[in-house]
Amino acid sequence: MAEGMRKVVAIDGRGRISVEEEPIPQPKPGQVQVEVKASLISPGTELGGVMGRRKNPSDGPPRVFGYGNAGVVIGQGERCEDIVIGTRVACMGGGYAQHATHACVPRNMAVAVPGGVSFNHAAFSCLAATALNAIRRAEVQLGEHVAVAGVGPVGQLACQWARLSGCYVMALDRLPMRLERARKTGLHRTINIDEEDPVAVSRTFTQGYGVDAGILAFGGDGTEAFKTLVQMMKQAPDTHRMGRIVIVGGAKIEHTFAAALGNLDVRSAARTGPGYHDEAWEHGADYPPVFVPWTTTRNLEECLRFMDDGGLVVEPLITHRVPINEAPDACEDLIQRPNEALGVILNS
């Protein structure tokens, strides 16, 4: 690779994934320049539309993708002089924390990595913060029962956050490998929906109380999974279902409300928390902590702190570690063989 150039992973309008070379970007005011050591592919958000592009191709040029990586600060834009060169950081943000050898990231989305956390693990911080925000939206309490539908990376991490919050957690999926990985992280109960009835299992698991909170953690058609979660929720004597269901994946759901749903709270959990996509905040502004205590930065910091303490476990979620040059094949594993690939790390 020529001096002053970087490698990036890109996808075009035909769904073709490639590794390209382009000039290394320079940091703008409020940004740091990072030499990337590891990035994590998000199979749903980043690759969920690939098959659609391949069936209905367009002539769109290759576009760099990725929104979660980790590396070392090698440059400072204006207002970032206090961030020491050589600082290990976990980064996030679409258009910023790309699958690349170098990236420029707004300062509020580049968080210092504790010494006990590897770059590979730190690359999970964006998806971990997404899961954490979903659990915050669910407002879970100690001793509650939680069901998570879909245990891709975000669902896996949501299971762990619920368990760390003192809840009893079960996960629903149809991919045996994902369920097996969830068990390795300490999940209380897994349910293969092709082999067991989740509603019946939930009655036993909750000792008849019913589920207090459900998390729907995948994209696409979520109607059947949503209906299943509804039937698993606790039920009042007047037959109304009660509790909270949080949608963190980009699911589409068709369901009748009011009496057909009961007194359930259905909530959306957007991204990693307050701040993300507020350009001024991303580049150094802040919100009053007394009013907005859990910004994206704080959520990222908590993810890394829990990794460092050993509470949040991501090693069992890693199925692939490959050089960035092998990114196209690694992406195909996620697209074509989802029961064999889960956490795919690209190393620069």
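This is a short tour of some spots worth selecting in the structure you have open. Keep in mind that the model is predicted.

**Stop 1: two rings from two helices**

Start by selecting tryptophan 161 and phenylalanine 306. Their ring centres are 5.1 Å apart and their planes sit at 70°, so this pair is edge-to-face. The cut-off behind that name is simple: planes over 60 degrees apart count as edge-to-face.

Now colour the helices these two belong to. Tryptophan 161 is in helix H5 (residues 153-164) and phenylalanine 306 is in helix H10 (residues 296-309), so the pair ties together parts that are 145 residues apart in sequence. Are the two rings buried or exposed? Tryptophan 161 is buried, at 4% relative accessible area, while phenylalanine 306 counts as partly exposed at 28%.

**Stop 2: the other aromatic pair**

How many aromatic pairs does the structure hold? It holds two, so you have another to visit. Select tryptophan 281 and tyrosine 287. Here the rings are stacked, with 6.3 Å from centre to centre and 20° between the planes. Tryptophan 281 is buried, with just 1% relative accessible area. Tyrosine 287 is partly exposed, at 23%.

**Stop 3: a ring with arginines over its face**

Next, pick tryptophan 294 and turn the view until you look straight at its ring. Arginine 136 lies over the face of this ring, 3.8 Å from the ring centre. Add arginine 298 to your selection: this residue also lies over the face of tryptophan 294, at 3.8 Å from the ring centre.

**Stop 4: a cavity**

Time to look for a hole. The structure holds one cavity of 30 Å³ or more, and the volume of the largest cavity is about 30 Å³. To find it, select the residues that line it: Leu40, Glu46, Tyr67, Gly68, Ala123, Cys126 and Leu127. What kinds of residue make up this lining? By class, five are nonpolar, one is polar and one is charged.

**Stop 5: helix H5 again, at valine 154**

Go back to helix H5 and select valine 154, which lies in this helix. Valine 154 is buried, at 16% relative accessible area. Show what surrounds it: leaving aside neighbours within four places in sequence, valine 154 is in contact with Leu127, Thr130, Ala131 and Val248. You met Leu127 at the last stop, in the lining of the largest cavity. If you like using the distance tool, try valine 154 and glutamate 180. They are 26 residues apart along the chain, and their C-alpha atoms are separated by 16 Å.

**Stop 6: helix H6 and what covers it**

Move on to helix H6 (residues 176-184). Its buried residues are Met177, Arg178, Leu179, Arg181 and Ala182. What covers them? The cover includes H5, strand E10 (168-173), strand E11 (189-192) and strand E18 (318-323). Show those elements together with H6 and hide the rest for a moment. Just after H6, click on glycine 186, which takes a positive phi of about 100°.

One of the covering strands deserves a click too. Asparagine 192 lies in strand E11, and this residue is buried, at 9% relative accessible area. Not counting residues up to four places away in sequence, asparagine 192 touches Asp173, Arg174, Pro176 and Leu179. Leu179 is among the buried residues of H6.

**Stop 7: helix H8**

Now select alanine 225, found in helix H8 (residues 223-232). Alanine 225 is buried, at 18% relative accessible area. The cut-off matters here: buried means under 20%, so alanine 225 makes the list. Beyond residues up to four places away in sequence, alanine 225 touches Ala149, Leu216 and Phe218. For another distance, pick asparagine 347 as well: the two residues are 122 apart in sequence and 35 Å apart in space, C-alpha to C-alpha.

**Stop 8: two loops with positive phi**

Finish in the loops. Arginine 79 sits in the loop between strand E5 (68-76) and strand E6 (88-92). Its phi is near 70°, a positive value in a residue other than glycine.

Then jump to glutamine 207, in the loop between helix H7 (198-205) and strand E12 (213-216). Glutamine 207 is not a glycine either, yet has a positive phi of about 55°. Is glutamine 207 buried or exposed? At 66% relative accessibility, glutamine 207 counts as exposed.

Key. Residues numbered from 1 in each chain as written. Predicted model: local features only at pLDDT ≥ 70, side-chain atom pairs only at ≥ 80, totals over all residues. Heavy atoms only, no water. Phe/Tyr/Trp six-rings, centres within 6.5 Å; stacked < 30°, edge-to-face > 60°. Helix = DSSP H or I, 4+ residues; strand = E, 2+ residues; numbered from the N terminus. Buried < 20%, exposed > 50% of the residue type's maximum accessible area, 1.4 Å probe, protein only. Lys NZ or Arg CZ within 6 Å of the ring centre and 35° of its normal. 1 Å grid on protein atoms, 1.4 Å probe; cavity = no way out; pocket = protein on both sides within 12 Å on 5 of 7 lines; lining within 4 Å. Points joined across faces, edges and corners; volume = space filled by probe spheres on them. Nonpolar A, V, L, I, M, F, W, Y, C, P; charged D, E, K, R; others polar. Contact = heavy atoms within 4.5 Å.
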